[in-house]
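Biologist: Could you take me through the aromatic rings of this model, one pair at a time? I would like the geometry and the cut-offs together.

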2 protein chains.
Amino acid sequence: MTRADLLLTNATLITMDEHLTQYSPGALAVQGDSILAVGREEDLKKDYEAAQVIDCSGKVLMPGLVNAHTHVPMTLLRGLADDLRLDVWLLGYMMPVEREFVSPEFVQLGTLIACAELIKTGVTSFADMYYFEEDVAIATAQAGLRAVCSQTVLKYPAPDAPSWEDGLARAREFIQRWKDHPLIVPSVAPHAPYTCTDEILRATAALAVEFDVPLHTHLAETVREVDEMRQGSGMPVIPYVKKQNLFDAKVLAAHCVHIDAGEMRTLLHAGAGVAHNPTSNLKLASGFAPVVKMLETGLNVGIGTDGPASNNDLDMFEEVRLASFIAKATSNDPTAVPAQTALTMATRLGAKALHIGHLTGTLEPGKRADFILLDLSPLHNSPNFRRDPNGIYAQIVYAAKSSDVTDVMVNGKWLMRAGQLLTLDEASLLEQARRFAARIDEFLVKREQSVLSKLIALGGSMEQESFEIQVKIKVADPAPVLKGLGHPEITIQRKRHYRQHDVYFSFDDLSQGRLRYREDDFIDEKGQITNVRARLTLLGQKREGQFDHDVILSRSRFYAPATNPLRFYREYFNPSKEVLLEKDRLRWLIWYQNEEFFVNLDHLENPDLGYFLEVKSRTWSRRDADNKAHLVAQLLALLGAADGVPETKDYIEIVA
Amino acid sequence: MTRADLLLTNATLITMDEHLTQYSPGALAVQGDSILAVGREEDLKKDYEAAQVIDCSGKVLMPGLVNAHTHVPMTLLRGLADDLRLDVWLLGYMMPVEREFVSPEFVQLGTLIACAELIKTGVTSFADMYYFEEDVAIATAQAGLRAVCSQTVLKYPAPDAPSWEDGLARAREFIQRWKDHPLIVPSVAPHAPYTCTDEILRATAALAVEFDVPLHTHLAETVREVDEMRQGSGMPVIPYVKKQNLFDAKVLAAHCVHIDAGEMRTLLHAGAGVAHNPTSNLKLASGFAPVVKMLETGLNVGIGTDGPASNNDLDMFEEVRLASFIAKATSNDPTAVPAQTALTMATRLGAKALHIGHLTGTLEPGKRADFILLDLSPLHNSPNFRRDPNGIYAQIVYAAKSSDVTDVMVNGKWLMRAGQLLTLDEASLLEQARRFAARIDEFLVKREQSVLSKLIALGGSMEQESFEIQVKIKVADPAPVLKGLGHPEITIQRKRHYRQHDVYFSFDDLSQGRLRYREDDFIDEKGQITNVRARLTLLGQKREGQFDHDVILSRSRFYAPATNPLRFYREYFNPSKEVLLEKDRLRWLIWYQNEEFFVNLDHLENPDLGYFLEVKSRTWSRRDADNKAHLVAQLLALLGAADGVPETKDYIEIVA
């Protein structure tokens, strides 16, 4: 008789090993942190004498699930913003909130809450990628789960690193300190090819190689990423990162939605693991990953939940079921990715994808004691057919729920017994989460109160204060204006020709003002577009003051380069009304009587409002403004518009 | 103060009405079976005096979910067979088991178990379609749920009706008896266009019109159905059933996966409801229903689980989430079918699709008191953001689980309080289900033990006992045979020319024999194929006896017309080995010496084995066989094959 610490008996035991070996009734012996033996109950009862024996009657004993890709601290942002396009969600909500709130405290709390949910839903290992990753590691070790923890490095300023070099240094120190931890595998995460430079990809790969740790990244998640990569580098994503030596490292590649057969072979030869994220890919409409082909190629394809802010949970039972369903539907074959394959992805293949297959993912002697017990007695698991040996996998994948998990052991230590968490205080975590949520709610509510604060939250916006004199007059015919500009007292310094497409957003609350999205097409002498520029401007609802001769004093405006498509701003600002206004503008910068003036000859084409002449000049005092107003009157006479009635409304006010 | 039976207070109350009105804190007053009032807590507390007041702090009060299409008794077949193609699953497993087991007792038990699961997961109404539907109604009324119960009518013999006329009569009697029931809406279900005749479609529509009850059917579920309909009738499914007057009735159409914009308009004008079944469509690889377009068209699209044998549960929380996810992914738009729309489908629109929108689906005064309470305190629902009024829908759809349902009321009666079922004895139901499952397991295990019993289970197979004399000889050259057949002592009665494609399935257990799938292509004088016939034959492993002159006595064989594609049989019988053998066969029926013989001249082309001459004759006694053996020897001489060595093996034995 060999001595063991613990013997589990009378279980429906599924090992998830390469032969999908099952024992019923089966038994498993644990010694220290590892599995000593697995087999038929009668054999183990003969061979092992254990300090503690647990009867698993009516339960499935199986490897814990492996969540192959997530961002655990984002549990604190779950449900913050949904049903939005990726850019609106990320740039409009996640990043502004992360910039404001992500701290070591935030990360540890979010991780502890995630670990509670992971344990309750039968996950024993996961691969994470976030900021302050050492705090993810600290909290995960406290909870007792196994994880590959990957410190993010990217080219933008991050909550934990003002530059990518700082992020890399943070990753190095983290890896050095944690590389021998029994539960945590520290790792580095160049965020994605489109958020990293070549230099970052090379440096992070070198770091991973130096310490022989995994490298975790997002690859080929969206069509847009692949298209932009092809345009920028002339090749798809996988060959491109290969060129940057990424595959020198042991790579865990999340998503791989848009890759072809050649890229799959590259991943295979590189020994890279893939994390398939069904819910995330569906919810963000990223596409359908070629899971059947990746499995046929021989890739280690694990399954991940992605972050709980885009899922909105960490429930691997749902992901496994969905991985099977989506594969069937997209390959038009209901026999594709059967239950046993889906469950293999979530256990053995997932562990291999994380490069920890030697430690976990199956119930085999010598591996760490990472396993769960599932209760098959709840109603939704009834009845139980046992004719087909694959029936047990179908039951787990298609009928069982995460709430059927009763017990969880990781590394030889119980984390949950009979549904009770042993390492975490759920009530206290929930209360802390509630307080964080209230602060974030308050922050966003305040921000969402004004269009201005939403504009500022996007970053890059600037306030411009202008004091100017301006006059606008409708003209029937542009010819006198063009002729008048040839007058010898007028010196033309510069002439420009634009086509301006202005979209005005307005809001139920008129005090918010209007937001103008302007696209300027610069037109050359031949009528060709030479450049395009887009800019956002927030126009106040009313002028601060209007004086004689239409002198405008102190109008402040906020503007920002519009780096996202119009659609983004439409979805982000959610205007109650939208008006399009298109015009052709000839713009001259002239000298007249030693003063500088702008002359605009606008042809309003859509809607068709005819020609307008605008004369403007910057000013800095009431006295200067009065002087310029006289000069403007003279200019109007020279340009054949002396008899016109000034139009005091903006174009949008004429239209609206 | 108005008196009420019950007042629910302090709830996050979502009405799911047309304006998605919410009250927080909200209250609801119940009187008898109906909702008396809904509104702000402070208003209702002022206006209503209730015998009982329940504080719903921390909970969502919302309409119960509507499961728009299911087959509830099939809970007893959950997990029986998975990861199979539709035909293998249906013809190979479901129908044989249904033929054997479906009875009023089976149906009532399956319904009670389903009702327990439905109540626990927050469903208050459902639309069912099965056999013995009156027993579904009895059990549903006992459980206290609301349902549209639809008696199946189809052209095949059913467990409850040997003919469609019997099914129709059963439907009529059921409707007459139940049409005024407070919970049950009796209805008729012509199963699907491909399982019904025109006559059935017309007769069921007329019945539904006569009693003004809904008509429930499956429409346009698979590409195959639509293709076959186009081939057979020259039109798609919806116009076809319209032509059969189906839309004279109030139709509830399940699936509608493969319909176009014109068909959607037809459904809209007919006032038909649609039941979208996301899991079923994915798991059976039926396709992606055009949900976004159906909603844009203005159709009442509800959500259903379909039967639990193909899902494998009745969890509407999963279906709602999936309906949103799939719509986003297939329309490449993450803003498609946002949470509030998905939840509307599962409540208000679902009730309208079932033609019971006047009774249920929203929390509005005058409607029946059908509602649920959801607990938002579990970890996976944390944190709660309240900035966005749509956040509550996102939380319910993307994060909450069916296990968060704590209380369920239908028609003013509590069916569950604090997670405890009040109308059903779960333990007893589970025990009865266990006994049924054991019987079904035993039945199938026995059947699966032999290829023969699996063949018989498909139906239509016949046993053929043959006593025959036969000889087979390899010939180098077909010319002498063809020449010999012109001998004056030989009278040719009939000549046939086939190309035979034979696929032999063999099994690890050799005693099972071999199963041959033969496709005979009949070839005419011009070499054209005039007809194709497929047949399955089970060939015994060894002959009962072999005598002089290769007289075979008593070889019995089972054969059956092969009405399904080869792929079906491959997946159903799951052979360990498969061999293809193709030959060209010239076959003559001749008279020689007043006896009838078959002469086959076979050219084995794939694999290339050359020519064989076979001479056969039926026999009935040893003496007759001896006589014919002499005649065969003479025939062989006439056909130039007297010197050949008889080949005693079958072709497959030569090849294998």
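Modeller: Happy to; here is a walk through the ring pairs, followed by the charges over rings. The model is predicted, so local features need pLDDT of at least 70 and side-chain atom pairs count only at pLDDT 80 or more, while totals for chains, interfaces and linings use all residues. Residues are numbered from 1 along each chain as its sequence is written, chains are lettered from A and ligands numbered from 1 in the order in which they are written, and side-chain values use heavy atoms, without hydrogens and water.

Over all chains, a search of the whole structure gives 29 aromatic pairs. Rings of Phe, Tyr and Trp (its six-membered ring) pair if their centres lie within 6.5 Å; planes under 30 degrees apart are stacked, over 60 edge-to-face, and the rest tilted. Tyr572(A) and Phe573(A) have ring centres 4.8 Å apart and planes at 75°, so this pair is edge-to-face. With a relative accessible area of 1%, Tyr572(A) is buried, and Phe573(A) is buried at 5%; buried means under 20%, exposed over 50% and partly exposed in between, using a 1.4 Å probe and protein chains only.

Ring pairs also link these two residues with Tyr93(A), Tyr517(A), Phe568(A) and Tyr569(A) into a cluster.

In chain B, Phe101(B) and Phe443(B) are edge-to-face too, 5.5 Å centre to centre with 85° between the planes. Phe101(B) is buried at 8% relative accessibility, whereas Phe443(B) is partly exposed at 23%.

As for charges, Arg417(B) lies over the face of Trp414(B), 4.6 Å from the ring centre. Such a charge has NZ of Lys or CZ of Arg within 6 Å of the ring centre and within 35 degrees of the ring normal. Likewise, the charged end of Arg587(B) sits over the ring of Phe598(B), 4.3 Å from its centre.
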